[in-house]
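The following exercises ask the reader to work from atoms to architecture. Please keep the sequence and the model at hand while solving them.

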Amino acid sequence: MKASQPHYDNGKDYDIIDVCNDYALSFNRGNILKYVVRAGKKQSELSDLLKAKDYLEREIKHIREQP
């Protein structure tokens, strides 16, 4: 599928969501990967990496709260 936005285009026949699905990543882990891979392609690179960090912190908190 052709990407609708330049920051989604990776020049491949698959998108990062396909990788996330293949690895059955949770919402948080999928977003970590998405923001790291797309860092700097849309807005500021730092903004994307901070978003990835936020999702990483959420995932860590979720794991720590498990019984």
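The exercises below begin with the whole chain and then turn to its helices, rings and individual residues.

The model is predicted, so local features need pLDDT of at least 70 and side-chain atom pairs count only at pLDDT 80 or more, whereas totals for chains, interfaces and linings use all residues. Residues are numbered from 1 along each chain as its sequence is written, and side-chain values use heavy atoms, with hydrogens and water left out.

**Exercise 1. Describe the protein chain as a whole.**

Step 1. Identify the elements, taking helices (H or I, at least four residues) and strands (E, at least two) as DSSP runs numbered from the N terminus. The protein chain contains three helices and zero strands, and the order from the N terminus is α-α-α.

Step 2. Assess burial, where buried means under 20% relative accessible area, exposed over 50%, and partly exposed in between (1.4 Å probe, protein chains only). By this criterion, 21% of the 67 residues of the protein chain are buried.

Step 3. Evaluate the surface by the Shrake-Rupley method with a 1.4 Å probe; for residues, only the protein chains shown count as cover. The protein chain has an accessible surface of about 5400 Å², and carbon and sulfur atoms account for 54% of that area.

Step 4. Examine the contacts, defined as heavy atoms within 4.5 Å. Among contacts in the protein chain with a separation of 6 or more, 35% join residues 24 or more positions apart.

**Exercise 2. Check the length of helix 3 and determine which residues line its buried face.**

Step 1. Compute the expected span as 1.5 Å times one less than the number of residues. For the 20 residues of helix 3 (residues 45–64) this gives 28 Å, and the end C-alpha atoms are 29 Å apart, which agrees.

Step 2. List the buried residues: in helix 3 they are D48, A52, Y55 and E59. Seen down the axis of helix 3, these buried residues fall within an arc of 65° (taken from the directions from the helix axis to the C-beta atoms), so they line one face of the helix.

Step 3. Recall the general rule: an α-helix has 3.6 residues a turn, so residues three or four places apart point the same way.

Step 4. Inspect both sides. The buried residues of helix 3 pack against helix 2 (27–37), while L46, K61 and R64 are exposed on the other side of helix 3.

**Exercise 3. Classify the aromatic pairs and identify what they connect.**

Step 1. Apply the criterion: rings of Phe, Tyr and Trp (its six-membered ring) pair if their centres lie within 6.5 Å; planes under 30 degrees apart count as stacked, over 60 as edge-to-face and the rest as tilted. The structure holds two such pairs.

Step 2. Take F27 and Y55. Their ring centres are 5.9 Å apart with planes at 75°, so this pair is edge-to-face. F27 belongs to helix 2 and Y55 to helix 3, so the pair ties together parts 28 residues apart in sequence. F27 counts as exposed because its relative accessibility is 61%, and Y55 counts as buried because its value is 17%.

Step 3. Take Y35 and Y55. Their ring centres are 6.1 Å apart and their planes lie at 10°, so this pair is stacked. The pair links Y35 in helix 2 with Y55 in helix 3, 20 residues apart.

Step 4. Combine the results: ring pairs join F27, Y35 and Y55 into a cluster. In addition, the charged end of R58 sits over the ring of Y55, 5.7 Å from its centre; the criterion is NZ of Lys or CZ of Arg within 6 Å of the ring centre and within 35 degrees of the ring normal.

**Exercise 4. Which residues of helix 2 are buried, and what do N28 and Y35 touch?**

Step 1. N28, G30, N31, I32 and Y35 are the buried residues of helix 2, and they pack against helix 1 and helix 3.

Step 2. N28 has a relative accessible area of 15%. Not counting residues up to four places away in sequence, N28 touches Y55, R58 and E59. The C-alpha atoms of N28 and Y55 are separated by 5.3 Å.

Step 3. Y35 has a relative accessible area of 18%. Leaving aside neighbours within four places in sequence, Y35 contacts D48, K51, A52 and Y55. The C-alpha atoms of Y35 and D48 are 5.4 Å apart.
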